[in-house]
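Trainee: I have a new structure open and would like to go through it with you. Can we start with the terms and then move on to the details?

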Amino acid sequence: MNSREEILALLRENARYSTEDLARQTGLAESEVEATIEDLETEGIIRGYQAVVDLDETEHEHVRATVELNVTLDRETGYDDIAARLAKFPEVQGLRLVSGDFDFQMEVEGDSMSEVSRFISEKVAPVPEITQTVTHYIMESYKERGVEFGDGHEDDRLSVSP
Amino acid sequence: MTFEESERLHSVPPSGIRRYFELAEEQDDIISLGVGEPDFAPPWSARDAAISSLERGQTSYTPNRGLRELRERIATDARERYDLAYDPDDEVLVTAGASEALDLAFRAFHDPGDTVAVAQPCYLSYVPGATLAGADVRDVPTREADDFTLTRDVLEAAGAGAADTLVLCYPNNPTGATMTRAELEPVAAFAREHDMQVFADEVYAALTYEHNHTSIATLEGMRERTVVFSGFSKAYAMTGLRLGYALAPAAAIESMNRIHQYTMLSAPTTAQHAAIEALDNCADDVAGMREAYDRRRQFVLSRFAEMGIDCFPASGAFYVFPECPWANSDAFAEALIEEQSVAVVPGHVFGAGGDGHLRVTYATSLANLKKALNRIETFID
Ligand SMILES: Cc1ncc(COP(=O)(O)O)c(C=O)c1O
């Protein structure tokens, strides 16, 4: 692994590592770490830093859904055009073109089920190229972005061993 | 009189780490850098294979030497990774941990009056293992000046040439030292010149960070005089499943198996099923753990350097072996547990050459390492 890949792997593991700790783990100078991160950001490789939150554990009610979208294309309108239009909505947290029975997989977040339903029926379904929407509400989340939401692996080792 | 201890056992003292275990257990918020095993769980697919084998009721004894499919995969893995050529039929013995294999070899190849030279500091089982087999032990202390590698100089200084057996362990517990092929050459030459057999404990072979592991058995004229010990405890984080193996010429495996068939019958069956899956499908998991250890290693070495504590650049296993800031390493380790709730193990516990050092394990999360090293920094200020 070169230093870019190494920094990227570490930040994907924990975006809150300090520059100092990144330097200590990789043997790079702190200035090199900072320059590398800046490059990764300006090149659009790193697009943001976010906490992985178990929303069910928060006070506030959240509703999330994944929505399958089918679309028809014409000479003027391609996938990118439809995606650009949908991605602008703040309710849309994720949007991917996928292979298989439908075209887009969209993640939507809102404060209530009715809010999410209204968003789909009033903002998404009317888009002329969209021919079908299938909404799946998320009922329970077990793992997000590689992080398991269970109780985790307890350290049951003897405190001192040979 | 009942239960009068045998003379052999009588000469084996209780383990030197016991005291630190007891002190650490008394502390509530202990962060332990004193363990000798991975903090990871075994790769899930290996655990899943163990569960499936239980569901299928595969809980009988296996052949004494281990499941044929497992021996084949062990032989293939040893050849592909380390260029070690062993026949799965009669040159591989699957055991209850490398620990059992070591014990078998000590008993199979020694009579009272034989001498076992043990490169030190080292894992705690070699000296008792040799002693219980009736052999005399000759300490071969390695030196920090050599980065704790074994050299011809220290072998000669210890008079190791008079011994029947040489025990060495690289990558090393407790120092984290590794040895390159070039560094192993003179050791191999020494063993050949003195017609010694070599016990090479290579349980940490998968965990090297500066260069790939070289087995001493791959050096000229060494295969016929070497038993290689390895297992699944370290690379695959499977310590509690108790699975290891020995690789050696057929006659040696036959001798070791003659003890094994009476005293163990066969290694744990469930663990053998997990191990088959581990060798088939878990190379990426091992690589991931290795990477994590390497980052932690660099982190710990950087922190000791920042504190002004001398520490040679350990390049294997999951240990570093810094110099102890106090003259008395027992007092240091005890006070560190009591005042800062951080456990480390004084180096002298691991034998000759370890005095004045501390074994610090980095098989724990970076968050824990960070906290523990901050506490050590506060402590020595
Ligand atoms: C150098 C060394 N050899 C052997 C062992 C024991 O391995 P196993 O779990 O395979 O018996 C250990 C465990 O700490 C070790 O550090």
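Mentor: A term to begin with: helices and strands here are DSSP runs, with at least four residues for a helix and at least two for a strand, numbered from the N terminus. Keep in mind that this is a predicted model.

Trainee: Okay. Where is P121(B), in those terms?

Mentor: P121(B) lies in the loop between β3 (115–120) and α6 (126–132) of chain B. The peptide bond leading into it from Q120(B) is cis, with omega near 0 degrees.

Trainee: And the bond from N173(B) to P174(B), cis or trans?

Mentor: That bond is cis, with omega near 20 degrees. P174(B) sits in the loop between β5 (165–169) and α8 (181–193) of chain B.

Trainee: Staying with the backbone, what is the phi of F3(B)?

Mentor: About 55 degrees, which is positive although F3(B) is not a glycine. F3(B) belongs to the segment before α1 (7–10) of chain B. Its relative accessibility is 84%, so F3(B) counts as exposed.

Trainee: What about D83(B), buried or exposed?

Mentor: D83(B) counts as exposed because its relative accessibility is 60%. Its phi is also positive, near 65 degrees, and D83(B) is not a glycine either. You will find D83(B) in the loop between α4 (68–82) and β2 (92–95) of chain B.

Trainee: Switching to chain A. How many helices and strands does it have?

Mentor: Chain A has five helices and six strands. Along the sequence the order is α-α-α-β-α-β-β-α-β-β-β.

Trainee: What is its radius of gyration?

Mentor: It is 21 Å, whereas a compact globule of 162 residues would be near 15 Å. The C-alpha trace of chain A spans about 65 × 40 × 30 Å along its principal axes. Buried residues make up 31% of the chain.

Trainee: And the charges in chain A, how many positive and how many negative?

Mentor: There are 15 positive and 38 negative charges, and their mean positions are 4 Å apart.

Trainee: Now the two chains together. How many residues from each chain are in the contact?

Mentor: Chain B gives 32 residues and chain A gives 18. The area buried between them is about 2,100 Å², and carbon and sulfur atoms give 53% of that. On the chain B side, F21(B), R295(B) and L366(B) lose the most area to chain A, together 27% of what that side buries.

Trainee: Which residues does Q25(A) touch?

Mentor: Beyond its neighbours within four places in sequence, Q25(A) is in contact with L10(A) and Y17(A) in chain A, and with R295(B), Q298(B), F299(B) and L366(B) in chain B. Q25(A) is part of helix α2 (residues 19–26) of chain A.

Trainee: Why does Q25(A) count as buried?

Mentor: Because its relative accessibility is 1%, and the cut-off for buried is under 20%.

Trainee: Last one: where is V63(A)?

Mentor: V63(A) is in strand β1 (residues 63–71) of chain A. At 9% relative accessibility, V63(A) counts as buried. Leaving out residues up to four places away in sequence, V63(A) touches several others, including V108(A), M113(A) and Y137(A). From V63(A) to T19(A) the C-alpha distance is 35 Å, with their positions 44 residues apart in sequence.

Note on methods
Residues are numbered from 1 along each chain as its sequence is written. Chains are lettered from A and ligands numbered from 1 in the order in which they are written. This is a predicted model: local features need pLDDT of at least 70, side-chain atom pairs count only at pLDDT 80 or more; totals for chains, interfaces and linings use all residues. Side-chain values use heavy atoms; hydrogens and water are left out. The radius of gyration is taken over C-alpha atoms; the globule rule is 2.2 Å times the number of residues to the power 0.38. Buried means under 20% relative accessible area, exposed over 50%, partly exposed in between (1.4 Å probe, protein chains only). Lys and Arg count as positive and Asp and Glu as negative; His and the chain ends are not counted. The place of a charge is taken as NZ of Lys, CZ of Arg, CG of Asp or CD of Glu. Contact means heavy atoms within 4.5 Å. Buried area is the accessible area (1.4 Å probe) that two parts lose on being put together, summed over both.
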